[in-house]
Amino acid sequence: MADGLRAYALIVGMWVRSTMAYRFSFVMMAVGNFLATALDFAAIAIIFGHTRVLGGFSLPETAFLYGTSGCALGLADLVLGSMDQLGQRVRDGTLDTLLVRPVPVFAQAAADRFALRRLGRISQSVLVLAWSLTALKAAWTPVDVLLVPVMLVSGAAIFSAVFVTGAAFQFWATDAAEVQNSFTYGGNALTQYPPTVFAKDLLRGATFVVPLAFVNWLPALHILRRADPLGLPGWLDFCSPLVAAAACAAAGLAWRAGLRAYRSTGS
Amino acid sequence: MDALIRLERVEKVFKVRRRVGRLRRVRTEVRAVDGISFDIARGEMVGYIGPNGAGKSTTIKMLTGILVPSGGRVRVAGIDPARERTRVARRIGVVFGQRTTLWWDLPLRDSYELVRRLYRVPDARYDRNLARCVELLDLGPLLDVPVRQLSLGQRMRGDIAAALLHDPEVLYLDEPTIGLDVVSKAKVRGFLREVNDGGTTVLLTTHDLTDIEQLCTRVMVIDHGRLVHDGDLAGLHGAGDSERTLVVDFERELPPVRIAGARPVKVEGPRQWLAFPASASAAPLVAELAACYPLVDLSVREPAIEDVIARMYAGRAAL
């Protein structure tokens with residue numbers, strides 16, 4: 001584990017320095033990344049130009065959902081978002097060059113093509129979240145305050161699990177990246193909006209199949225004192241860390257199975 | 001004999017799904033490596049050759065722990081590479097001829113720094129190894145150049161150095177001279193000889209018989225997943241009476257020349273191809289040609305590995 005983290009940090013350092021070989025291009029990409037995500041929020045702001053509430057949620061409340069989802073995804077995206085390119089390494093055989101090094105493959109694959117420009121996405125989400133926290137008229141209890149960092153970390157872990165599971169599938173289907181993206185970036189787009197605007201079946205899927213509801217919806221329902229649109233019991237609002245741990249464990253198993261399949265069949 | 005590498009009846013079977021008709025798929029088994037056994041002693045330099053798809057790369061991948069064998073036993077320095085991949089990784093160096101491990105946008109030196117830290121090479125040893133590689137491979141002026149600006153030959157030299165900085169006991173090279181010009185090939189070969197003299201065991205796959213001729217005392221030939229020859233190169237040539245070819249450019253078009261010890265194969269304008277036994281020396285032929293005919297240029301071509309193997313089979317069938 002410590003070995004893996006050390007290797008991860010070393011390889012990330014190399015990618016950051018590689019990026020800095022093209023400084024101007026990096027700045028443009030980071031700004032572009034920031035603006036592209038900012039446009040997302042602009043769309044939400046425009047909706048609120050025409051209506052005071054969206055699914056019963058005010059603009060600051062929606063911004064809170066947007067910010068927490070964006071921060072969680074942004075963190076996961078920064079740390080191992082490049083894993084969706086694993087399929088390419090499987091296809092062209094360059095995965096072999098990672099397998100002959102004395103450090104865990106997972107750490108190397110996670111650090112592969114590390115893209116610092118993704119800071120753009122997080123910084124935009126952090127700004128929106130910060131604004132929503134000042135604008136929210138919530139009665140903050142100590143539990144609520146504690147729940148915010150917990151949901152951010154759990155949310156990042158859940159999105160990470162989706163990234164890793166998606167990467168693991170690429171050992172079998174080298175171009176599964178798009179499916180994975182629909183759950184990560186698509187999931188982010190979903191959880192930016194209040195759950196009350198979506199059909200119940202979609203919410204059930206997002207709660208029990210791919211547990212995206214635990215990224216921000218459920219804990220936010222508690223903080224914002226909202227009733228669950230599915231009528232689920234209130235204690236579920238605190239289950240994000242457990243769900244995140246389970247998702248990570250499942251992702252770990254998928255990764256191991258994928259790597260084992262690769263090593264017994266080759267490319 | 002102290003066997004550093006030992007393979008015992010090693011097999012690798014791939015299950016391939018093949019499309020038959022529009023929807024039906026049939027699973028077939030491909031035996032990429034089909035029961036190979038050999039020992040390589042510490043300090044040997046062994047050539048591993050065979051036609052495309054014969055199972056060379058699959059064997060190397062099993063030796064490095066990238067692939068898990070379907071059957072048999074592999075040991076490298078007493079370790080099972082498939083089970084303890086990272087442990088074996090510390091003791092081996094691998095060069096993939098067509099896949100660089102160097103960092104494209106960073107100076108060559110940075111790639112070496114990463115190796116030092118990933119393998120935790122002690123400073124003194126790292127400095128010593130790097131100095132040696134820099135001297136023998138002429139890397140001095142290249143250390144601060146971004147890898148993307150290096151030529152193919154320079155990059156290959158850089159890759160070989162990267163595989164040696166942690167003092168591996170075994171060096172595997174997969175086509176180390178592919179695509180290189182004559183000068184680069186010579187430099188790489190000279191360096192590999194030096195590395196082997198220093199006690200490192202070397203196993204190399206190649207399509208260039210000259211590599212084998214100049215470097216290896218032992219050559220193993222694999223075909224259809226089976227070891228069909230294990231011995232010296234002369235033995236390989238002897239087994240199939242293989243031939244080298246003298247390509248001669250004359251000043252003008254001539255009728256096919258007839259000299260003792262060679263037979264004309266092809267004539268194309270002023271250029272002629274003469275075949276002679278691989279075991280014979282080219283020197284007397286060249287002397288005779290130069291004495292009797294108006295020569296412009298001349299070169300010797302080694303037989304292609306595919307031809308050598310084809311002749312081996314033909315020779316065997318005749319027996």
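**Exercise 1. Helix 1 of chain B**

Work out which residues in helix 1 of chain B are buried, and say what follows for the helix as a whole.

*Solution.* Keep in mind that we're working with a predicted model.
- Start with the residue list: B:Lys56, B:Ser57, B:Thr58, B:Thr59, B:Ile60, B:Lys61, B:Met62, B:Leu63 and B:Thr64 are buried.
- Now set that against the length of the helix. It spans residues 56-64, and 9 of the 9 residues are buried, so the rest of the structure largely encloses it.
- Finally, look just past the end: B:Gly65 follows helix 1 of chain B, and its phi is positive, near 85°.

**Exercise 2. Chain B as a whole**

Zoom out and put together a quick profile of chain B: how many helices and strands are there, and what percentage of its residues is buried?

*Solution.*
- Count the elements: chain B has 10 helices and 13 strands.
- Then burial: 41% of its 319 residues are buried.
- For the dimensions, take the principal axes; the C-alpha atoms fill a box of roughly 65 × 55 × 50 Å.
- Last, check the contacts. Of those between residues at least 6 apart in sequence, 69% join residues at least 24 apart.

**Exercise 3. Strand 8 of chain B and its partners**

Find the strands that pair with strand 8 of chain B, and give the sense of each pairing.

*Solution.*
- Take strand 3 (residues 45-49) of chain B to begin with: it pairs with strand 8 in the parallel sense, over 4 bridges. Within this pairing, B:Ile49 has B:Val221 as its bridge partner in strand 8.
- Next comes strand 9 (residues 226-231) of chain B, which runs antiparallel to strand 8 and is joined to it by 5 bridges. Here B:Asp223 stands opposite B:Arg226 in strand 9.
- Now the turn: strands 8 and 9 of chain B form a hairpin with 2 residues between them, and B:His224 in that turn has a positive phi of about 50°.
- What about burial? Strand 8 covers residues 218-223, and 5 of its 6 residues are buried, so it too is largely enclosed by the rest of the structure.

**Exercise 4. Where chain A touches chain B**

Describe the contact between the two chains: how many residues does each one give, and which element of chain A has the largest share?

*Solution.*
- Chain A puts in 19 residues and chain B 23.
- On the chain A side, the elements giving two or more residues are helix 1 (2-19), helix 5 (95-99) and helix 12 (240-265).
- The largest share of that side, 5 residues, belongs to helix 1 of chain A.
- By residue type, the chain A side divides into 8 nonpolar, 7 polar and 4 charged.

**Exercise 5. Two residues of chain A**

Decide whether A:Glu61 is buried or exposed, do the same job for A:Val150, and then trace their contacts beyond the neighbours within four places in sequence.

*Solution.*
- A:Glu61 sits in helix 3 (residues 59-80) of chain A. It has 23 C-beta neighbours inside 10 Å, and the cut-off for buried is 20 or more, so A:Glu61 is buried.
- Away from its sequence neighbours, A:Glu61 is in contact with A:Leu136 and A:Leu224. A:Leu133 is 72 residues away along the chain, yet the two C-alpha atoms are separated by 8.9 Å.
- A:Val150 belongs to helix 8 (residues 142-169) of chain A. With 15 other C-beta atoms within 10 Å, A:Val150 comes out as partly exposed.
- Its contacts outside the sequence neighbours are with A:Ser240 and A:Pro241. As for A:His50, 100 residues from A:Val150 along the chain, the C-alpha separation is 34 Å.

Methods: Residues are numbered from 1 along each chain as its sequence is written. Chains are lettered from A and ligands numbered from 1 in the order in which they are written. This is a predicted model: local features need pLDDT of at least 70, side-chain atom pairs count only at pLDDT 80 or more; totals for chains, interfaces and linings use all residues. A residue is buried if 20 or more other C-beta atoms lie within 10 Å of its own, exposed if 12 or fewer, and partly exposed in between; C-beta atoms are placed from the backbone. Two residues are in contact if their C-beta atoms, placed from the backbone, lie within 7 Å. Ala, Val, Leu, Ile, Met, Phe, Trp, Tyr, Cys and Pro count as nonpolar, Asp, Glu, Lys and Arg as charged, and the others, Gly among them, as polar. Two strands pair if DSSP finds at least two bridges between them.
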